[in-house]
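Please open the structure in your viewer and keep the selection tool at hand. The tour below moves from one selection to the next and says what can be found at each stop.

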Amino acid sequence: MQILNENVYNLKNGKGSKIITLGTTDIVNRMTCVVLANEKDEIITPAVTSITFDEENQVFFVRDRLVIDEYLTGSISYYVDYQGMPLGMCFSDIRDGFYKMDFDNAKDYKKGYEDFKSNLSQQIKQEVNRKSHVDLDNCKKLALYKKGVIESEN
């Protein structure tokens, strides 16, 4: 992978950060990812789908792809500070829910991010399966009631 683009941001606290887009130039198998680097050009976040700078809050908005199974794909989004530390919780658009990002420091976040995503996708998969099972049972019950198989409880 090579650097395709670099954007430098100077924060109000005097620190600087770079959003670096990495990718391949091969048109057939084009892959891109984005990382955040500090003033010393050290990469401080794992590779994700996109990072944008929120100038008003002086933080970086991270968005990444989350694959649940072969049919269900969504994304997670969260904020990181200039040191690469996640702030608060992440939001998943698959279940419209918030999930805890429990990292002690930026190094743990960078190392443990893929495990976090794997665990999160398993958790969401279980939630989706549980919800689908409950909805399927309710649909079957309604269908049997409409057919007259289940009598009214009155």
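## A tour by selection

Begin by selecting C33, a residue that is buried, with a relative accessible area of 13%. Keep in mind throughout that this is a predicted model, not an experimental one.

With C33 still highlighted, add C90 to the selection: C90 is in no disulfide, and the nearest cysteine sulfur, which belongs to C33, lies 19 Å away. That distance is too far for a bond, because a disulfide needs two cysteine sulfur atoms within 2.5 Å. C90 is buried as well, with a relative accessible area of 0%, and a search of the whole structure finds 0 disulfides.

Next, select D69, which sits in the loop that runs between β5 (59-67) and β6 (73-80). Is D69 buried or exposed? Neither word fits, because its relative accessibility of 25% makes D69 count as partly exposed. Show the side chain of D69 and add L72, whose backbone nitrogen is reached by that side chain at 2.8 Å. Then add L120, which is 51 residues from D69 along the chain, while the C-alpha atoms of D69 and L120 are separated by 12 Å.

Finally, colour the protein chain by pLDDT, for which the mean is 85, with 92% of the residues reaching 70 or more. Among the elements of the chain, select strand β4 (residues 50-54) to see the highest mean pLDDT, 94, and then helix α1 (residues 106-147) to see the lowest, 81.

Conventions: Residues are numbered from 1 along each chain as its sequence is written. This is a predicted model: local features need pLDDT of at least 70, side-chain atom pairs count only at pLDDT 80 or more; totals for chains, interfaces and linings use all residues. Side-chain values use heavy atoms; hydrogens and water are left out. Helices (H or I, at least four residues) and strands (E, at least two) are DSSP runs, numbered from the N terminus. Buried means under 20% relative accessible area, exposed over 50%, partly exposed in between (1.4 Å probe, protein chains only). A polar contact is a pair of N or O atoms within 3.5 Å; within protein, one must be able to donate a hydrogen and the other to accept it, and residues adjacent in sequence count only if both atoms are side-chain atoms. pLDDT is the predictor's confidence in each residue, from 0 to 100.
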